[in-house]
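The following exercises ask the reader to describe a protein from its overall form down to single residues. Please examine the sequence and the structure, attempt each task, and then compare the solution.

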Amino acid sequence: MKITPIPLFKDNYCYLLQDLVSQESALVDPALSSAFDPNSNVSALLVTHHHADHAGQVHVIAEQEPQLKVYAADDRVKGIRNKVQDRVPFHLGTLKITPIFTPCHTAGSVSYFVEDTQDGRAVFTGDTLFSSGCGRFFEGNGHEMYQSLSILASLPKDTLVFCGHEYTLSNLRFAKHIEPENPDIQKKLEWAEQTDYTMPSTIESELLTNPFVRVSNPELQKLLGNSDPVSLISLLREQKNNF
């Protein structure tokens with residue numbers, strides 16, 4: 001498979017997902033209709049959640065292209081045609097795509113785990129898991145975000161992580177504030193300071209550098225004096241909101 005980031009707005013990402021065997025393609029979170037090329041082999045839209053900066057013009061594309069499949073988990077996504085179910089896979093050509101319900105940022109947030117038998121794995125996480133960070137708890141709570149991130153963190157470590165926004169640098173500055181002696185955070189921060197586009201991350205990198213993913217880590221719990229991962233993730237999110 002081939003995944004091409006398409007920057008939108010100030011810091012959003014849409015992605016073109018291509019199956020190199022069948023030549024079928026999908027767009028992930030095409031918030032602007034201009035992201036869709038009618039001369040392409042795009043046969044599906046994958047929407048992670050209903051917010052306008054991810055799904056705002058999905059219905060416009062759908063109206064113009066009646067043959068497109070439009071996958072989402074939330075009926076608030078205008079133009080939805082194929083409502084996904086948690087862990088019930090579908091295919092894009094030879095690619096296996098498994099929706100994983102990851103509520104909290106919104107109640108209907110879904111991540112898409114893509115497996116290519118020839119070329120690895122990737123997950124599109126919308127605004128749930130960011131590179132070294134996580135989304136705000138707009139429609140959920142700490143328990144839900146902890147559960148959602150734990151599910152994503154359990155994916156194979158070599159899974160590529162494609163997030164909905166370019167927030168990596170600010171996330172790493174916060175991560176360093178939380179774990180100032182973490183060498184993996186420092187190394188990634190130095191790299192991000194020299195890089196305009198930081199996608200993709202990996203699950204392995206998130207396990208090492210993401211404080212929201214690391215809330216069950218005994219070293220982080222000891223450092224912050226809190227052994228409850230749910231209350232810890234809520235505390236971290238509140239601190240990040242004001243960082």
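**Exercise 1. Surface and overall form**

How much area does the protein expose, and what share of it do carbon and sulfur atoms supply?

Solution. Before the values are read, the basis must be stated. The model is predicted, so that local features need pLDDT of at least 70 and side-chain atom pairs count only at pLDDT 80 or more, while totals for chains, interfaces and linings use all residues. Residues are numbered from 1 along each chain as its sequence is written, and side-chain values use heavy atoms, with hydrogens and water left out.

Step 1. The exposed area of the protein is about 10900 Å², and carbon and sulfur atoms supply 49% of it; accessible areas come from the Shrake-Rupley method with a 1.4 Å probe.

Step 2. Of the 243 residues, 50% are buried (buried means under 20% relative accessible area, exposed over 50%, partly exposed in between, with a 1.4 Å probe and protein chains only).

Step 3. The protein contains 8 helices and 14 strands; these are DSSP runs, of H or I with at least four residues for helices and of E with at least two for strands, numbered from the N terminus. Its radius of gyration is 17 Å, close to the 18 Å that the globule rule gives for 243 residues, so the protein is as compact as a globular protein of that length. The radius is taken over C-alpha atoms, and the rule is 2.2 Å times the number of residues to the power 0.38.

Step 4. The C-alpha trace spans about 55 × 30 × 30 Å along the principal axes.

**Exercise 2. The sheet that holds strand 1**

Describe the sheet that includes strand 1, and then the surroundings of Pro5.

Solution. Step 1. An open sheet of 6 strands follows the order 1-2-3-4-5-6, and its pairing is mixed. Strand 1 and strand 6 (82-83) stand at the edges with a single partner strand each, so one side of each is left without a neighbour in the sheet. Two strands pair if DSSP finds at least two bridges between them.

Step 2. Strand 1 runs antiparallel to strand 2 (residues 12-18), and 7 bridges join them. The bridge partner of Lys2 in strand 2 is Gln18.

Step 3. Pro5 belongs to strand 1 (residues 2-8). Its relative accessible area is 34%, so Pro5 is partly exposed.

Step 4. Beyond its neighbours within four places in sequence, Pro5 is in contact with Tyr13, Cys14 and Tyr15 (contact means heavy atoms within 4.5 Å). Pro5 and Leu16 are 11 residues apart in sequence, and their C-alpha atoms are 6.5 Å apart in space.

**Exercise 3. The sheet that holds strand 9**

Which strands pair with strand 9, and how many of its residues are buried?

Solution. Step 1. In strand 9 (residues 110-116), 6 of the 7 residues are buried.

Step 2. Strand 8 (residues 95-101) pairs with strand 9 in the antiparallel sense over 6 bridges, and Pro99 stands opposite Tyr112.

Step 3. Strand 10 (residues 120-126) also pairs antiparallel with strand 9, over 5 bridges; here Val114 stands opposite Ala122. Strands 9 and 10 form a hairpin with 3 residues between them.

Step 4. The open sheet has 6 strands in the order 7-8-9-10-13-14, with mixed pairing. Strand 7 (90-92) and strand 14 (201-202) stand at its edges, each with a single partner strand, so one side of each has no neighbour in the sheet.
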